[in-house]
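Here are some short exercises for getting to know a new structure. Try each task yourself, then follow the solution step by step.

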Amino acid sequence: MALVLENTVLAVLFFILTSVQVSIGEVHKVGDSAGWTTIGNVDYKQWSATKNFQIGDVIVFEYNPQFHNVMQVTHAEYKSCNASSPISTHTTGNDSITINTHGHHFFMCAVPGHCQAGQKVDINVLRSPSVAPSPSPLSSPVHTVPAPSPNAARFSALNKPFEKLGWLLLVLQLLFVVS
Ligand SMILES: [Cu+2]
């Protein structure tokens with residue numbers, strides 16, 4: 001009996017740990033395979049528009065540090081390509097920046113001419129959209145699993161450990177009843 005209980009606890013702990021791992025942020029490499037560059041006219045606006053940035057995500061800038069750098073700047077500085085008073089400076093050539101707040105995060109290369117040439121990116125972390133009910137004529141009246149949005153998936157991933165805990169308590173109660 002004790003062995004069964006032990007195995008159950010271990011299994012549940014494993015589920016909790018793997019569930020927690022799912023909720024860790026995504027890694028986004030700026031410019032994808034092109035990286036952080038002025039070569040090839042990479043459209044960083046287009047790149048960021050295709051992403052769904054979330055709090056906890058990691059933004060990776062990969063570049064040759066001899067030719068480029070990364071400066072986080074204000075919106076005004078981003079627009080005017082002015083890096084005279086950056087919020088933060090990154091120069092390793094492989095910079096990982098974790099996004100911890102909602103809203104816009106503006107980055108540019110401060111090498112003269114590069115920002116003007118388009119080496120600038122706006123990482124916009126949207127607030128989780130309110131889960132507004134959107135009844136579609138195609139959906140059945142029976143409330144089934146809603147179409148999972150990336151946000152919903154992430155949210156449920158965060159809640160999973162607690163579901164598992166509830167499950168653990170139920171199992172423990174059953175075991176006590178049986179023994
Ligand atoms: Cu540059």
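**Exercise 1.** Decide whether D32 is buried or exposed, and say in which loop D32 is found.

*Solution.* Start with the neighbours: in this predicted model, D32 has 11 other C-beta atoms within 10 Å. A residue counts as exposed if that number is 12 or fewer, so D32 is exposed. Next, follow the chain: D32 is found in the loop between β1 and α2. Finally, look at the backbone: D32 has a positive phi of about 50°, although it is not a glycine.

**Exercise 2.** Find the place of N41 and work out whether N41 is buried or exposed.

*Solution.* First, the place: N41 lies in the loop between β1 and α2. Second, the surroundings: N41 has 9 C-beta neighbours inside 10 Å, and therefore counts as exposed. Third, the backbone: the phi of N41 is positive, about 50°, and N41 is not a glycine.

**Exercise 3.** State how many helices and strands the protein has, and give the order of its elements from the N terminus on.

*Solution.* Begin with the count: there are four helices and seven strands. Then walk along the chain from the N terminus, and the elements come as α-β-α-β-β-α-β-β-β-β-α. Now pick out one part of this path: β1, helix α2 (residues 44–49) and β2 form a β-α-β unit, and this unit is right-handed.

**Exercise 4.** Work out the strand order of the three-stranded sheet and explain why one side of β1 and of β5 is left without a neighbour.

*Solution.* Step one is the order: this open sheet runs β1-β2-β5, and its pairing is mixed. Step two is the edges: β1 (27–29) and β5 (94–98) each have a single partner strand, so one side of each has no neighbour in the sheet. The twist from one strand to the next averages 20°.

Step three is to take the pairs one by one. β1 and β2 pair in the parallel sense over three bridges, and here H28 stands opposite I59 in β2. β2 and β5 run antiparallel and are joined by five bridges; E62 has N94 in β5 as its bridge partner.

**Exercise 5.** Tell which side chains of β2 point to one face and are buried, and which point to the other.

*Solution.* Recall the general pattern first: in a regular strand, side chains alternate between the two faces of the sheet. Now apply it to β2. I59 and F61 point to one face and are buried. V58, V60 and E62 point to the other face and are not buried.

**Exercise 6.** Describe the four-stranded sheet: what is its order, and which pairing does it have?

*Solution.* The order of this open sheet is β4-β3-β6-β7, and the pairing is antiparallel. Its edge strands are β4 (88–90) and β7 (120–125), each of which pairs on one side only. From one strand to the next, the twist averages 25°. For a detailed look, take β6 (residues 103–108) and β7: six bridges join these antiparallel strands, and H104 stands opposite N124 in β7.

**Exercise 7.** Which residues of the largest nonpolar core touch the most other members?

*Solution.* This core has 20 residues, and those touching the most other members are V30, F61, V70, M71, V73, F107 and M108. Next, ask where core residues come from: β2 (58–62), β3 (70–73), β6 and β7 each supply at least two. Then zoom in on V73. Leaving aside residues up to four places away in sequence, V73 touches Y78, A83, P86, I87, F106 and M108. To finish, step back to the whole protein: of its 179 residues, 18% count as buried.

**Exercise 8.** Find how far apart N100 and G56 are in sequence and in space.

*Solution.* Along the sequence, N100 and G56 are 44 residues apart. In space, their C-alpha atoms are 5.7 Å apart. N100 itself is found in the loop between β5 and β6, and is exposed, with 11 other C-beta atoms within 10 Å.

**Exercise 9.** What is the mean pLDDT of the protein?

*Solution.* The mean pLDDT is 78, and 59% of the residues reach 70 or more. Then check the low stretches. Over residues 138–145 pLDDT stays under 50, and the model has zero contacts for them beyond four places in sequence. Over residues 167–172 pLDDT also stays under 50, with two such contacts.

Note on methods:
Residues numbered from 1 in each chain as written. Predicted model: local features only at pLDDT ≥ 70, side-chain atom pairs only at ≥ 80, totals over all residues. Pairing = 2+ DSSP bridges. Axes fitted to C-alpha atoms, helices over the stretch in contact; angles between N-to-C directions. Core = buried A, V, L, I, M, F, W, Y, C linked by C-beta atoms within 7 Å. Contact = placed C-beta atoms within 7 Å. Right-handed = clockwise from strand over helix to strand, strands pointing away. pLDDT = per-residue confidence, 0-100.
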